[in-house]
Amino acid sequence: MLRAPYRHAFAAFLVLALTTACFPFQASRGGGQTDFEGPRVVDPADVAVVAGFTVEVVAEGLTFPTGVAFGDDGRAYVTESGYAYGEVFTTPRLVRIERDGSHTVVAEGDNPPWNGVDAWQGDLFVAEGGVLEGGRILRITPGGSVSVLAEGLPSQGDHHTNGPVVRDGFVYVGQGVVTNSAVVGLDSYGFGWLPRFPDLHDVPCEDVVLVGDSFETPDPLTDGDTTVRTGAFSPFGVAAEPQQVVRGSVPCSGAIMRVPVEGGELELVAWGFRNPFGLAFGPDDELYVTDNMYDDRGSRPVFGAGDLLWRVVPGWWYGWPDFHGDRPLTDADHYRPPRRPAPGFVLATHPNEPLQPAAVLAVHSSSNGFDFSRHAGFGFEGDAFVAQFGDMAPGVGKVLAPPGFRVVRVDVGTGVVQDFLVNRDGSGPASLHGSAGLERPVAARFDPEGTALYVVDFGVMLVTDEAPVPIPGTGVLWRVVRSEAP
Amino acid sequence: MRRAGATAAILALVLSVSACTPGYRGEPLSGPLDVSGPLLAEGQRSFARHCHQCHPGAQAGLGPSITPSPVIIRIQVRSGLGAMPAFSEERLPDAELDALVAYLMELSAHGLAVRGP
């Protein structure tokens, strides 16, 4: 008979052996894997916030809102994307939220998605995602006249031009990559853009040298059952060669770039990101960025890579497509998806040593727009408040419960992540619980005084086995204010 | 006879352990957790760095909710059964694992203690 301590360990081992190792056989339970019958009803009572705060509804009925900023008139301006995954096109718009919660259209575009807005000296700066014509950076006056500060950003693929944030005479934007992990594949076809742009691929910011591996897939662009081989940083169906040099250029994929507020040359700030979605300057005057990390999909799937919050060092390369933070994807025990091959390096040499991120957020949480608290009257000064859109499972990989669908508070000094604003009924969007709480928070920003946190909620987006199903008109602007002194 | 007794004991343990209800609920639902002691603060940081991404707030996400059992946590962290990566002593030293376990037990107990309506 085993001695007591060993007996405990043995029993625990048995429990684990019985209950774990079943991951591959469990069904995915993503937050979008549900049904929805409109109209969307909202009620702050269904949202739980840290004690001492109150939640309010500012505006409803928005279609795919993505960002908020404040004009010199003190009003909130919201970007409505005009495009959502699932290939749903509407009109990208900048709307002003009036005091009664109604919306007034300030400007419209035709090259969606409009992924975020910042304000400076009364004008609004919009990151135009550009799935059709490439990304652009727009400057829009409160009267609605639009000028283009930069164009031709590589946004026609999986991820777009995002951000933006204005500081010291420059507009900074985050540019997402075309693919999941540098290889165009069947997932690109699933997104809808491969038939539109069959030659599209990621472009590095500086020259890179490839290991030269290629990935075999069926060819969905032809009727026959031919297969093709595709290399990293290459168009679909073009194999890579060992030691092949891929020329870098700006604008490029997976980068933070900036342009003067009056227009001018687009400059590289840092690169090696995957989908740098939210940008904000911290209390230390450094630039921070949220980076949506790898999915378990496509020709080079990656498992278990949490979204990252980075403090940006200008000129640095941040690890995509071979690292997750400072950890190499070749750590197969971590990054190999169940029953798929482990990712190998695609780059023969790496531009620099990757850094450790400021924080690691939940896998597939889609950690997006954020802002820093800077007012004692709100409290938690110096913490980052990050809006988490929530998972797109099963398309991005499987989850056992829905990550995201909330606003978290991050101490960028220690990397500790804590819930700030969540649904009372548990994880996942309101549509999963039949409640009137949060759906998909996509941006969070303090008002100019710093005493109210505005949260942009994209609205309902279901995910079926085939495609995402975004529901127009379900977007909401929430506000969180102090009800008791900190 | 002794065999049967041992099997029954193990079965009982298996059942009791797997029936543990984790109490993790997060600050909006259960109030702040006091981590002013150095052990809990270290455990909280370690959790954020190594575990939060797959078990957000120790709840289910990519992986399952973490069973609040020191033995189970230690074995799982070192052996990485199933789809979870193993953590070597080099990456997660024993003393840090002690702090991590203490933090998770405290977090679960805190959530259970203030479980609201």
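**Strands and a helix crossing in a predicted model**

Strand 13 (residues 161–167) of chain A pairs with strand 14 of chain A in the antiparallel sense, over five bridges. The structure is a predicted model. These two strands of chain A form a hairpin with two residues between them, and A:Asp168 in the turn has a positive phi of about 50°. Beside the turn, A:Arg167 stands opposite A:Phe170 in strand 14 of chain A.

Strand 14 of chain A is also joined by six bridges to strand 19 (residues 255–260) of chain A, and the two run antiparallel. Here the bridge partner of A:Phe170 is A:Pro260. Because six of the six residues of strand 14 (residues 170–175) of chain A are buried, this strand is largely enclosed by the rest of the structure. In a regular strand, side chains alternate between the two faces of the sheet. Both faces of strand 14 of chain A are covered, with A:Phe170, A:Tyr172 and A:Gly174 buried on one side and A:Val171, A:Val173 and A:Gln175 buried on the other.

Elsewhere in chain A, five strands make an open sheet in the order 1-30-29-28-27, with antiparallel pairing. Strand 1 (47–49) and strand 27 (367–372) of chain A each have a single partner strand, so one side of each is left without a neighbour in the sheet. Within chain A, strand 28 (residues 384–388) and strand 29 (residues 406–411) pair over five bridges, and A:Ala384 stands opposite A:Val410.

In chain B, the axes of helix 3 (residues 38–50) and helix 5 (residues 94–113) come within 7 Å and cross at roughly 95°. Helix 3 of chain B is therefore roughly perpendicular to helix 5 of chain B. Their contact has eight nonpolar, four polar and three charged residues.

Technical notes:
Residues are numbered from 1 along each chain as its sequence is written. Chains are lettered from A and ligands numbered from 1 in the order in which they are written. This is a predicted model: local features need pLDDT of at least 70, side-chain atom pairs count only at pLDDT 80 or more; totals for chains, interfaces and linings use all residues. Side-chain values use heavy atoms; hydrogens and water are left out. Axes are lines fitted to C-alpha atoms, for helices over the stretch in contact, and angles run from 0 to 180 degrees between N-to-C directions. Helices (H or I, at least four residues) and strands (E, at least two) are DSSP runs, numbered from the N terminus. Angles under 35 degrees count as roughly parallel, over 145 as roughly antiparallel, 65 to 115 as roughly perpendicular and the rest as oblique. Ala, Val, Leu, Ile, Met, Phe, Trp, Tyr, Cys and Pro count as nonpolar, Asp, Glu, Lys and Arg as charged, and the others, Gly among them, as polar. Two strands pair if DSSP finds at least two bridges between them. Buried means under 20% relative accessible area, exposed over 50%, partly exposed in between (1.4 Å probe, protein chains only).
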